Amino acid sequence: IMVKQIFVNLPVKNLEKSKEFFTKMGFSFNPQFTDEKGACLVLNDSIFVMLLSEEFFKSFTKKDIPNTEKTVEAILAVQAESFEDVETLAKKAFDAGAKETYRFDYGWMKNIAFADLDGHYWEIFFADMSKMPNE
């Protein structure tokens with residue numbers, strides 16, 4: 001069995017500000033799945049993030065939404081196409097209001113991580129597997 005797509009659902013405090021943040025990073029939204037309660041962020045042809053107002057998100061669960069100032073519910077790692085794209089995309093995120101959480105550069109792999117406006121953790125990385133050390 002293979003899955004074809006992934007839709008990650010994230011609660012957001014202010015949907016319009018979140019849409020503006022990801023638009024500044026260069027992403028778009030699928031209007032078919034976007035309204036006043038949520039927006040379908042398109043990362044590529046098979047990866048989507050549903051940004052849902054906290055009220056709407058709560059309609060899917062009886063559990064509390066994590067306080068992202070104190071906890072991390074997940075780290076969403078997305079692979080860029082090059083080392084340069086890691087830097088470019090991270091700069092766009094920081095310019096749009098993201099806060100850097102960590103970074104590393106092993107030579108063969110570079111990673112820059114940030115918290116978005118709602119404190120969700122994202123990693124942007126690229127790995128040149130041909131340069132990965134053999135241990």
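This is a short talk on one helix, one hairpin and two pockets in a predicted model.

Okay, let's start with helix H1, residues 15-24. Just ahead of the helix, Asn-14 caps the N-terminal end, with a side-chain oxygen 3.2 Å from the backbone nitrogen of Glu-16. So which residues of H1 are buried? They're Leu-15, Ser-18, Lys-19, Phe-21 and Phe-22. Those five sit on the same side of H1, because they cover an arc of only 160° around the axis. And you know the pattern: an α-helix has 3.6 residues a turn, so residues three or four places apart point the same way. After H1 comes Gly-26, with a positive phi near 105°.

Next up, the hairpin. Strand S6, residues 99-105, pairs with strand S7, residues 109-115, in the antiparallel sense, and there are six bridges. To give you one pair to look for, Glu-100 has Phe-114 as its bridge partner in S7. Three residues separate the strands, and Gly-107 in this hairpin has a positive phi too, near 90°.

Now the pockets. The largest one holds about 260 Å³ of space. Its lining includes Phe-27, Leu-43, Ile-47, Val-78, Asp-85 and Leu-89. Where does that lining come from? Strand S3, strand S5 and helix H3 each give two or more residues to it. By class, you get six nonpolar, two polar and two charged.

The second largest pocket has a volume of about 190 Å³. There are 13 lining residues here, and nearest the centre are Lys-13, Asn-67, Thr-68, Glu-69 and Asp-118. This lining splits into five nonpolar, four polar and four charged residues.

Definitions and conventions:
Residues are numbered from 1 along each chain as its sequence is written. This is a predicted model: local features need pLDDT of at least 70, side-chain atom pairs count only at pLDDT 80 or more; totals for chains, interfaces and linings use all residues. Side-chain values use heavy atoms; hydrogens and water are left out. Buried means under 20% relative accessible area, exposed over 50%, partly exposed in between (1.4 Å probe, protein chains only). Helices (H or I, at least four residues) and strands (E, at least two) are DSSP runs, numbered from the N terminus. The arc is that of the directions from the helix axis to the C-beta atoms. A polar contact is a pair of N or O atoms within 3.5 Å; within protein, one must be able to donate a hydrogen and the other to accept it, and residues adjacent in sequence count only if both atoms are side-chain atoms. Two strands pair if DSSP finds at least two bridges between them. On a 1 Å grid over the protein atoms alone, a cavity is a set of points where a 1.4 Å probe fits but cannot get out, and a pocket is an open set with protein on both sides within 12 Å along at least five of seven lines; lining residues have an atom within 4 Å of a point. Grid points are joined across faces, edges and corners, and a volume is the space filled by probe spheres set on the points. Ala, Val, Leu, Ile, Met, Phe, Trp, Tyr, Cys and Pro count as nonpolar, Asp, Glu, Lys and Arg as charged, and the others, Gly among them, as polar.
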